[in-house]
Amino acid sequence: MKVLGIETSCDETAAAIVESDGEGPGRVLSNVVLSQLDDHRPYGGVVPEIAARAHLQHLDGLVRQALDQAGLGLAGLDGVAATAGPGLIGGVMVGVMTAKAICAVTRLPFMAVNHLEGHALTARLTHGVSFPFLLLLVSGGHCQLLAVEGVGRYRRLGTTIDDAVGEAFDKSAKIMGLGYPGGPLMEKAAAGATDPGRFDLPVPMKGRPDCDFSFSGLKTAVRRHVEMLGGTLGDADRADLAASFHKAVGDSLIDRCTRAMKLFKQDFPTGGTLVVAGGVAANQVLRGRLTDLCRRRGFDCVAPPMGLCTDNGAMIAWAGLERLRLGLTDGPDFAPRPRWPLDPTAKAAPFAGVKA
């Protein structure tokens, strides 16, 4: 079974083809990603109109590249999947309409994929992880802990009540004068720290009985330290502050995941895998700390390869393939969704807004 996946939810235009014979992990036959970072960097963040125009300009060519790299024509596909939300609605519409057009011509089934489910299921593509598993979804727009019981079956254990962790990286990096995108620049700066404990930063939500996150106060604490240093940081200051920031984020994730592991084990005594997914899962410092936590708690820690942590078409193709083999296809009237929670039954978290 071979499925084409299209991803256009934010600032990467991507197309990929994955294959599965129904046993174990899948295979990535092609995975083409065009980053828009250079287009958005002058503005310090993603500009929705620029993103949508770039998707429209490049997507057809990327689909052709994905087919060529896989050595396939459209006739060799079993279905087409596209991110149908959540995301910047202009870009989501470009991907969905492209997928629908291909399906209209070829009569292939169409799968509307939740972008977050794409991240959630990537570990099944790469490592063949079995259900159920505990998911830590960490990205620029989302920070959640979920029990994953099956395709389309998610139970939210915790969510951010303000900033997502990737958002906190971006905003803190901007405050520190590091630039955009913040995550990789903060990680690079932290590697040069000589005194990683120099700055006393808070660990949000530590010790709370729930599994929720909060990073807005941590970002504010970074700003306060920058102001105390006169507003201008030297390289050593940036390195030490970035390292202190990593420690605070890591401490928060460890505390929240420890709580979630206890809750997960109560409901799934035989479950023992923590999947870390989303763009922030590419951070090696945080990966290392979460791996150590899992070792201590008797869990397996699984994170996709670096190239499949950030937005890509392979994760959408795989989520589409998983849905296709369950018979979960969508009609041409499916409407793109700017908001689409994995667990629509979860109680709204205060102040969380779209990140819930």
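Modeller: A residue is called buried when its relative accessible area is under 20%, exposed when that area is over 50%, and partly exposed in between. The model to which these words are applied here is a predicted one.

Biologist: What makes strand β6, residues 133–138, count as mostly covered?

Modeller: Six of the six residues in β6 are buried, and buried means under 20% relative accessible area, so each of these residues lies below that cut-off. The side chains point to both sides of the strand, with F133, L135 and L137 directed one way and L134, L136 and V138 the other way.

Biologist: How do you know that β6 pairs with β7, and in which sense?

Modeller: Two strands pair if at least two bridges are found between them, and β6 and β7 (residues 143–150) have six, so the condition is met, the sense being antiparallel. One of these bridges places L135 opposite L146 of β7, and the two strands are joined by a hairpin through four residues.

Biologist: What makes β9 a partner of β6 as well?

Modeller: Four bridges connect β6 with β9 (residues 273–277), and since at least two are required, this too is a pairing, here in the parallel sense. L134 has L274 of β9 as its bridge partner.

Biologist: Why are β8 and β10 called the edge strands?

Modeller: The open sheet has five strands in the order β8-β7-β6-β9-β10, with mixed pairing, and both β8 (153–159) and β10 (300–302) pair on one side only. On the β8 side, six bridges join β7 to β8 in an antiparallel run, including one between V148 and Y154. Helix α9 (residues 284–297) packs on the sheet and touches β6, β9 and β10, its direction making about 155° with that of β10. Angles over 145 degrees count as roughly antiparallel, so α9 and β10 fall in that class.

Biologist: And what is the relation of helix α4 to β6?

Modeller: Helix α4 (residues 115–127) lies across β6, β7, β8, β9 and β10 and runs at about 125° to β6. That angle lies outside the ranges of under 35, 65 to 115 and over 145 degrees, so it counts as oblique.

Biologist: Why is α5 described as roughly parallel to α7?

Modeller: Helices α5 (residues 165–175) and α7 (residues 216–228) pack at an angle of about 10°, their axes being 9 Å apart. Angles under 35 degrees count as roughly parallel, and therefore the description applies to this pair. The contact is made by K171, S172 and I175 of α5 together with K219, V222, R223 and V226 of α7, and by class it has three nonpolar, one polar and three charged residues.

Biologist: Which residues have the most contacts inside the largest nonpolar core?

Modeller: L136, F215, F245 and V249 have the most contacts inside this core, which has 52 residues. The largest share, twelve residues, comes from α8. Beyond its neighbours within four places in sequence, F215 is in contact with several residues, among them C143, V165, A168, V249 and L253.

Biologist: Why is R297 called partly exposed?

Modeller: Its relative accessibility is 37%, which lies between 20% and 50%, so R297 is neither buried nor exposed. R297 belongs to helix α9 and, leaving aside neighbours within four places in sequence, is in contact with T258, M261 and K262. Although R297 and T258 are 39 residues apart along the chain, their C-alpha atoms are separated by 8.1 Å.

Technical notes: Residues numbered from 1 in each chain as written. Predicted model: local features only at pLDDT ≥ 70, side-chain atom pairs only at ≥ 80, totals over all residues. Heavy atoms only, no water. Buried < 20%, exposed > 50% of the residue type's maximum accessible area, 1.4 Å probe, protein only. Axes fitted to C-alpha atoms, helices over the stretch in contact; angles between N-to-C directions. Contact = heavy atoms within 4.5 Å. Nonpolar A, V, L, I, M, F, W, Y, C, P; charged D, E, K, R; others polar. Core = buried A, V, L, I, M, F, W, Y, C linked by side-chain atoms within 4.5 Å.
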